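User: I've got a model open here and I'd like to go through how its labels were earned. Can you take me through the reasoning?

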Amino acid sequence: MIKILGIEATGNGCSIALWNDDVAYQEIVDAPQKQGEFILPMVEAVLKTACLTGAELDVIAFNNGPGSFTGVRLTISVAQGLAFAWGKPVMPISSLQALAYKKYCEDKTEQPIWVAIDARKQEVYVAAYQFQKGEAVVIYPEQVIAPELVPYENLVLLPTPEAIDIVNLARYQ
């Protein structure tokens, strides 16, 4: 069985998730601009709850954006630091792909799933995916554009994903 640690701190919160032998664990805190204070203690807490050490993990998955610049840097640096310390590979997961996968799991649709995150300055990060047996096929590649240029009429802005979304997508990569 695979053991995946997921790290997400690219939005206003911070979440850490762990997939361990078909059991998921997650810690979440809403801490705008304070994710750095919580992220490592949360990693410790999730590992302790699962009775694991970092050395027992198979991979560290992390949200590599899009998201806040500082949050993306924090997420990536923590993932890389832990991976180096524990001798584990890393797996970058896109915020947009994780959000699309979450929607796919909820709806089980074969239709393209459009996702967008506010990029500020009157722009959005947008992409579309279609899932075939859990695997993502890019229908519209990730990009930053003005909302009115998105070739989809019912676009809804979404929050950043949680670490459990990163872990769930990583399980099928």
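Analyst: Sure. Let's begin with pairing: two strands count as paired if DSSP finds at least two bridges between them. One such facing pair is isoleucine 117 and tyrosine 125 in strand 7. Keep in mind that this is a predicted model.

User: What makes strand 6 and strand 7 a pair?

Analyst: Pairing takes at least two bridges, and seven bridges join strand 6 to strand 7 (residues 123-132). So the two qualify as paired, and they run antiparallel. Another facing pair there is valine 115 with alanine 127 in strand 7. Strand 6 and strand 7 also make a hairpin with two residues between them, and lysine 121 in that turn has a positive phi of about 55°.

User: Why is strand 6 called an edge strand?

Analyst: The sheet here is open, with three strands in the order 6-7-8 and antiparallel pairing. Strand 6 (113-120) and strand 8 (135-145) each have a single partner strand, so one side of each has no neighbour in the sheet. From one strand to the next, the twist averages 15°.

User: How do you know whether strand 6 is enclosed by the rest of the structure?

Analyst: Look at the burial count: six of its eight residues are buried, so strand 6 is largely enclosed by the rest of the structure. Buried here means under 20% relative accessible area.

User: Which other sheet is there, and what is its strand order?

Analyst: There's an open sheet of five strands in the order 3-2-1-4-5, with mixed pairing. Strand 3 and strand 5 stand at its edges, because each has a single partner strand. The twist averages 15° from one strand to the next.

User: What makes the pairing in that sheet mixed?

Analyst: Compare two of its pairs. Strand 2 (residues 13-20) and strand 3 (residues 23-30) run antiparallel and are joined by eight bridges. Strand 4 and strand 5 run parallel, with four bridges. For partners, serine 15 is bridged to isoleucine 28 in strand 3, and asparagine 63 to isoleucine 93 in strand 5. Strand 2 and strand 3 form a hairpin too, with two residues between them, and aspartate 21 in the turn has a positive phi of about 50°.

User: How do you know that helix 3 has the span it should?

Analyst: Helix 3 (residues 95-107) has 13 residues, and at 1.5 Å a residue they should span 18 Å. Its end C-alpha atoms are 18 Å apart, so the two values agree. At its start, a side-chain oxygen of serine 94 comes to within 3.1 Å of the backbone nitrogen of leucine 96. Just after the helix, lysine 108 takes a positive phi of about 50°.

User: Why is glutamine 97 called buried?

Analyst: Its relative accessible area is 18%, and the cut-off is under 20%, so glutamine 97 is buried. It sits in helix 3, whose buried residues also include Leu96, Ala100 and Tyr104. The cover over the buried residues of helix 3 includes strand 4 (59-63), strand 5 (90-93) and helix 4 (163-170). Leaving out residues up to four places away in sequence, glutamine 97 touches Tyr129, Phe131, Ala136, Glu142, Leu169 and Gln173.

User: And glutamine 35, is that buried or exposed?

Analyst: Buried: its relative accessible area is 8%, and the limit is under 20%. Glutamine 35 belongs to helix 1 (residues 35-49). Its side chain reaches the backbone oxygen of glycine 13 at 3.5 Å.

User: What makes isoleucine 2 partly exposed?

Analyst: Partly exposed falls between the buried limit of under 20% and the exposed limit of over 50%. Isoleucine 2 has 38% relative accessibility, so it counts as partly exposed. It lies in the segment before strand 1 (3-8) and touches Trp19, Asn20, Asp21 and Asp58, not counting residues up to four places away in sequence. Its C-alpha is 8.0 Å from that of arginine 171, though the two are 169 residues apart in sequence.

User: How many disulfides are there, and by what rule?

Analyst: A disulfide needs a pair of cysteine sulfur atoms within 2.5 Å, and by that rule the count is zero. As for accessibility, cysteine 51 is exposed, because its 67% is over 50%. Cysteine 105, at 32%, counts as partly exposed.

Technical notes. Residues are numbered from 1 along each chain as its sequence is written. This is a predicted model: local features need pLDDT of at least 70, side-chain atom pairs count only at pLDDT 80 or more; totals for chains, interfaces and linings use all residues. Side-chain values use heavy atoms; hydrogens and water are left out. Buried means under 20% relative accessible area, exposed over 50%, partly exposed in between (1.4 Å probe, protein chains only). Axes are lines fitted to C-alpha atoms, for helices over the stretch in contact, and angles run from 0 to 180 degrees between N-to-C directions. The expected span of a helix is 1.5 Å times one less than its number of residues. Contact means heavy atoms within 4.5 Å. A polar contact is a pair of N or O atoms within 3.5 Å; within protein, one must be able to donate a hydrogen and the other to accept it, and residues adjacent in sequence count only if both atoms are side-chain atoms.
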